[in-house]
Structures are given as C-alpha cells and as structure tokens.
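Biologist: Before we discuss any contacts, could you put the chain on the screen, so that we can go through it together?

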Amino acid sequence: MRTPSPSPRPDSSQSSSRSRRTVLGAGVAVAGGSLLAACSGGRSGAPGGMDGVADGKNGGRHDGAPDGYVSPDGPEVIAAEKERGTDGTVRKFTFTATPTLQDLGGRTVSTWVYGGELPGKPIRVTAGDTLQMTLANHLPHSTTVHWHGFRLRNDMDGVPGITQRPILPGASFTYRFIAGHPGTYWMHPHTGVQIDRGLYAPVIVDDPKEPLSYDKEWIVMLDDWVDGVDGSTPDAVLAQLHEGRSESTGHGSMGHDDMGGPELPGIGPSRLLRGATSKLLGGHAGDVAHPYHLINGSTPQDPRVFQAKPGDRIRIRFINAGGETSYRVALGGHRMTITHTDGYPVRHATTDALLIGMAERYDVLVTAGDGAFPLTALAEGKNRTALAVLRTGGGAAPGPDARPENLDGKLLTAHDLKADESVQLPSQGADRTLRFHLTGSMKKYNWAFNHKPYTPSQRYPIEAGERVRLSFHNRTRMYHPVHLHGHTFALGEGGALKDTTIVVPHSTVNVEFDADNPGLWMLHCHNIYHSESGMMTILGYRKK
C-alpha cells in the first residue's frame, strides 16, 4: 500500500474551478479570430461558420462529393440542420492544438495537446445551443476535429478531404453546429494517428430537463499512452506494426489528408505486444504495448483524486479515449447503476464492472461510501491498469496496483442493455441492408471492410428516409469497435442506442438506424491502428 501523497492531485473534472496539472512549455492560446484574420481567404457568408478558414486557400471547403451523392455542405445538409432548431444560445470556445512537454505524474513527455492541458478543458453546452469552437493549429502537421457521437451537420464532422480541408499549420478553423441531444461526447482529431497523442477533450451537452438527481459529477477519460516515451510516437508504432512496409503511412489519415502527409516515424523501442488475450473480448486483445495507462492524464503512480462526501450521489461519465485498448472498469467497494451509453439513456441496470471499448461512453450513478476507494481501469488482456481515487474520508490511499474485487464481479456490456422508452427506435423492417465483413490479420496488418482497404472514393449508398441495417461479420481473430459518424444506431430490437459497438471475433452484430442526416459519413474501426491500415469506408446519401 502506497503512502498517501501529502499533496494529492485533485481531479480536474469535479468543479468549475478546475485545478489542473502544470504543463511544461505549453503554447500560448490564440484568441479566436486572430489566425482567421491572418489567413482569411475563405468565402464569406458560407453556411455554418464556414468562412473560418482551414488552409488559407479555400475557406476550409471539402473536396466535394461525387455526382449523385449529397455534398457535405449541400442544401440537404443545411435543411437538416435547420430542423434541429435555431433558437439556442451560441456558446463560443477557442482551443489551440500545440506541442508541449506534459507531466503525466512522475514522467514528462513531449506530445501534442489542446490548450496546454491533458485532457483538454471540457466543453459544456445545453441541448439546443449552438456550439462554436475555433481551433488554432500550432502543430507542425495539419489536423482537424471530429465531434464524436454528435448528430451534427456533415460539413462540421471534421474528416479531412471528405467534409473539410485539413487545417494546416499556422491556420485555424471555426466549427459551428447545433448540439441537439444531451449526453456525454468528446472531441479528437481525425487525421492520421493523432488521436493516440494527447489531443482529446470531453464535450458535455446538458439536459435542460435533467431527469437524474445527483450531488456531484466526475468526468473520467481513459487513455493508453505511448507518445514521447523513450522517443516513441504513434506514427513510429504504426510503422512497426507494418514492419516498414509502404502501408505504414496509412490509407487516408482517418479521411483523406493529402495536404500534409503522415508524421515521420520517430525512434524508440519496439512497442509490439505479443500474447495479449481476453475471453471477454473473444481472443486477441491488442498489438501495442502502451507503457502507461492514464485516467484524466495521470499515471497510477500519481493518480487524480476526486473529493466527495459520504453518501453523495455521483454521476460518473466514462469516456475511453484510448487508441488500442478496451478497459474493464470498477470502483472499489461500490456498485454502479448504468444510466446512459454513448449519450443516450438506457433502462437502469446495476453492475460491478463495465467493459468500455475504444470511443465508447457510459454514464453511471454511485452512492459514495466513507474512505478512499480505487477507481481501476484494467487494460483488458494487457495486464496493466490505470487508477484514480475517490476520497470521502480518511485512510490510506489505494496503491498503484490496486485491483478491487468487483473487477471480477458482475459485468455488463452494451449488448446487455435496453434503450429507455423515451429514445427507443420504433420497430419496423429494414429498407436497406449493408453487409460488412471485417477482414484482415495481425500478421499482415491488412485490416479492411470486405477485403477492400479504404480509399476516399468509396461509397456505400443509402437514401434519406430509409431504415438501414448494418450487418457486421467479424471473421478475424481480434475484436473491432466499429463507429458510425453522424448517427446513432440500435443494438437489435429495443437495444441500447450507440454510435460505437464492439464486434468480437467470429460473431455477427446487426444494428439499425434511421437515415435522417444527409451527407458523407465515415464508418470505421476505432482501433486507430486498424483504421489507419484500411478498416474504414463511407456511407453516402444519394441525391433525390
């Protein structure tokens, strides 16, 4: 048992007066509009704030849609956004993506973050508000922001070369869209393997008619970390996975970034992981040996501490920001009541532990006991853990290797949950079924849908007004967390509403959604190394 730190690091998510870890050498934040003025060249009056520029040449416009498909900024997209409402308050934010030296808690690394903080500051709005965020790019590489889980207008989705131009170094871009549905979301790049650096932040959309009653809220972001450790970078890891083959540059940089290319691989030790297995995940658990696993930017050796009082009812919002790791999560001495997954309410279900795949989110309620309790996130199949501490009273702090008994207790996954009646997808037959065979192998690292690595011209057609069924057949030996942009789907009849779902090896998962958000929408594995190796494609709305 570790001796309690005399100055425990508070968890930054527990109050509005956020006390965060000091960041070494952080870049100076840029006021919204300063780079816009310097780089202007975009078309004024473009919809949705698109006069904010991404590259100083064309106002951040996308590369256009093929004939017959809805354009990301077409009239159909604008009409759909208007249907979401226009009366909400405009909430403005400014973020700067910058290189920095970041203290993880006893280990300082060179990485990239938003605004000099890890995670980035939470963005918080109320359902119906217009979210406006200007990103200033101080990185040595182009970037974008994807608003994970949002049903938003297509030209704000952040896929380079598909829905917008890349944001070049020294430029900025303004995202503006209506945050229509309450829930737990997050933002991250959609360029290369940048998500496996420190570029992520929570985005919370509050419900003006919040049905839950609780005393405190704790935002918990889980992450697997390799960037800057002994010279490693995510790009170097991707190259190692491909053993130096030309595929190591990826198949499109989480979209199609042809205005910057991949980062040059760094140096460092091999990060290849052998023998990682998990019955829970159906077999192989991962290929990357991340040296650290973090909760809210901190290692288990110097964990974040969340302060509460005995008896407090706490809402915990879990977000897995990891690049290649699913986590089994438990709070020592407590049971958790699941209330939401991926932003949408479910029929309440009580569990000891959760399995959270990459990019998934879960909201839970707990009633705090008296003492100091470990919040442990086990890197499933990888034999490493992340740690934070809930403290409501005296006693020694849990040690970095704390593994509460309830990690091995009752465990629920999204497939065990049912949607709350208020959001349940109405029962009806599918108008269109799209079948996706998840293909590839660890040896060749040739991940794809239907044996076809991603190219920007790929389209699986759908039409507005259809009920669409996606049928995922995983014939590989590894699980895949599959994510659909711009929509929420149901896991079977009456099942939970999700935007990301785990498909374990040798299984089939069928999901359904209503095609009511026109545009070009990415579908991809949220293992970043799989998607960059080709396991992604595009669902395109046909013009009527």
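Modeller: This is a predicted model, in which local features need pLDDT of at least 70 and side-chain atom pairs count only at pLDDT 80 or more, while totals for chains, interfaces and linings use all residues. Residues are numbered from 1 along each chain as its sequence is written, and side-chain values use heavy atoms, with hydrogens and water left out.

Biologist: In which loop is the place of T476?

Modeller: Strands here are DSSP runs of E of at least two residues, numbered from the N terminus. On that basis T476 has its place in the loop between β28 (467-474) and β29 (480-484).

Biologist: Is T476 buried or exposed?

Modeller: Buried means under 20% relative accessible area, exposed over 50%, and partly exposed in between, with a 1.4 Å probe and protein chains only. Because T476 has a relative accessible area of 2%, T476 is buried.

Biologist: Which side chains does a polar contact join to that of T476?

Modeller: A polar contact is a pair of N or O atoms within 3.5 Å, where within protein one must be able to donate a hydrogen and the other to accept it, and residues adjacent in sequence count only if both atoms are side-chain atoms. One such contact, of 3.0 Å, reaches the side chain of H480, and another, of 2.7 Å, reaches that of N474.

Biologist: Which parts of the chain does the salt bridge of R317 and E217 tie together?

Modeller: A salt bridge is a side-chain nitrogen of Lys or Arg within 4 Å of a carboxyl oxygen of Asp or Glu, and the side chains of R317 and E217 meet in one at 2.9 Å, N to O. Both R317 and E217 are buried. Because R317 lies in strand β16 (residues 313-320) and E217 in strand β11, the pair ties together parts that are 100 residues apart in sequence.

Biologist: Which residues are linked with R317 and E217 in a network of salt bridges?

Modeller: The structure holds 26 salt bridges. The network that includes R317 and E217 also links R124, D206, E210, R315 and D363.

Biologist: Which residues touch the most other members of the largest nonpolar core?

Modeller: A nonpolar core is a set of buried Ala, Val, Leu, Ile, Met, Phe, Trp, Tyr and Cys residues joined through side-chain atoms within 4.5 Å. Of the 130 residues in the largest one, those touching the most other members are M133, W147 and L470.

Biologist: Which strand gives the largest share of this core?

Modeller: That share amounts to six residues, and the strand is β11 (residues 216-225).

Key:
Helix = DSSP H or I, 4+ residues; strand = E, 2+ residues; numbered from the N terminus.
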